Amino acid sequence: MILSCCAVTGAAELKSDRQSGRPQTENRYVIECRLVSAADDGKRTVLMAPTISVSEGVPANVKDVTQTPFVTGVVSRGGRDEARITVLEEGTTIELTVLGEGNDRVTVDATIKTAQITGAEMKAIGRGDHCLCPRTESRTVRVIESVALGEEVEVEAKVPEGAPQRTIEFVVRTPAMPRHWKTTAKLSTDGARDAAAPQGRGKPPAPDQDSSAANQD
């Protein structure tokens, strides 16, 4: 299984900030994100809760996926037959971009894609060889929304038929603002959400698990 979260920020941008003497927190935001799975009985499980530091306009990418290899053909190289391997992903991929509006508000552009392998048919391709012909199904939701810093946003992911229901919850804040949610490992919420910190009174920080290609807050 691949579980990753990253924010791609150009090294030249960070070097320019240092040389100019501008604070590296200028036009920077922290995204706290939770990926929640909901069962039919209402039981909710927090699958992951990454915290990512990003620059304004730079996409933050979060993945909770598994990769499955399939032999989808046979190719001849130098007189030898070799299997052609195709790797397909299942799970949820999230891309979040933050744009400042001023007055403690931002615009969040969020794209959430959920994919599932729906089947694989074995077919004979001659000379006693066989290959797998897999099929995948995906759903994508894109939300562009104006929110206040520290405001919780919840987006229901569109999932293929038969896939677990998933909800994406996130909060955008500045590096100077306290942590909104306590950092959690995989957690069953039994239908109840973690109590959010009161506005302006953050919970005591959990051990730092922020993940970013840039400097953290």
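I'll walk through the core, one hairpin, the cysteines and one charge-ring contact. Keep in mind that this is a predicted model.

Start with the core. The largest nonpolar core has 25 residues. I31, V106, V108, F170 and V172 touch the most other members. Where do the core residues come from? Strands 2, 4, 5, 6, 7, 8, 9 and 10 each supply at least two of them. Strand 2 spans 28-38, for example, and strand 10 spans 165-173.

Now look at V108. Leave aside its neighbours within four places in sequence. V108 is then in contact with L96 and T97. Its contacts also include V143, I144, E145 and V147. F170 and V172 are on that list too.

Next, the hairpin. Strand 5 and strand 6 run antiparallel, joined by 17 bridges. One pairing to find on screen: V71 has I85 in strand 6 as its bridge partner. There are 2 residues between the strands. At this hairpin, G78 takes a positive phi near 60°.

On to the cysteines. How many disulfides does the whole structure hold? The search finds 0. Take C131. The nearest cysteine sulfur belongs to C133, 4.1 Å away. A disulfide needs the two sulfurs within 2.5 Å, so that pair does not count. C131 has 7% relative accessibility, and the cut-off for buried is under 20%, so C131 counts as buried. C33 is at 2%, so C33 is buried as well.

Last, the rings. There are 0 aromatic pairs in the structure. W181 does have a charged partner, though. The charged end of R34 sits over the W181 ring, 4.3 Å from its centre.

Key:
Residues numbered from 1 in each chain as written. Predicted model: local features only at pLDDT ≥ 70, side-chain atom pairs only at ≥ 80, totals over all residues. Heavy atoms only, no water. Core = buried A, V, L, I, M, F, W, Y, C linked by side-chain atoms within 4.5 Å. Buried < 20%, exposed > 50% of the residue type's maximum accessible area, 1.4 Å probe, protein only. Helix = DSSP H or I, 4+ residues; strand = E, 2+ residues; numbered from the N terminus. Contact = heavy atoms within 4.5 Å. Phe/Tyr/Trp six-rings, centres within 6.5 Å; stacked < 30°, edge-to-face > 60°. Lys NZ or Arg CZ within 6 Å of the ring centre and 35° of its normal. Pairing = 2+ DSSP bridges.
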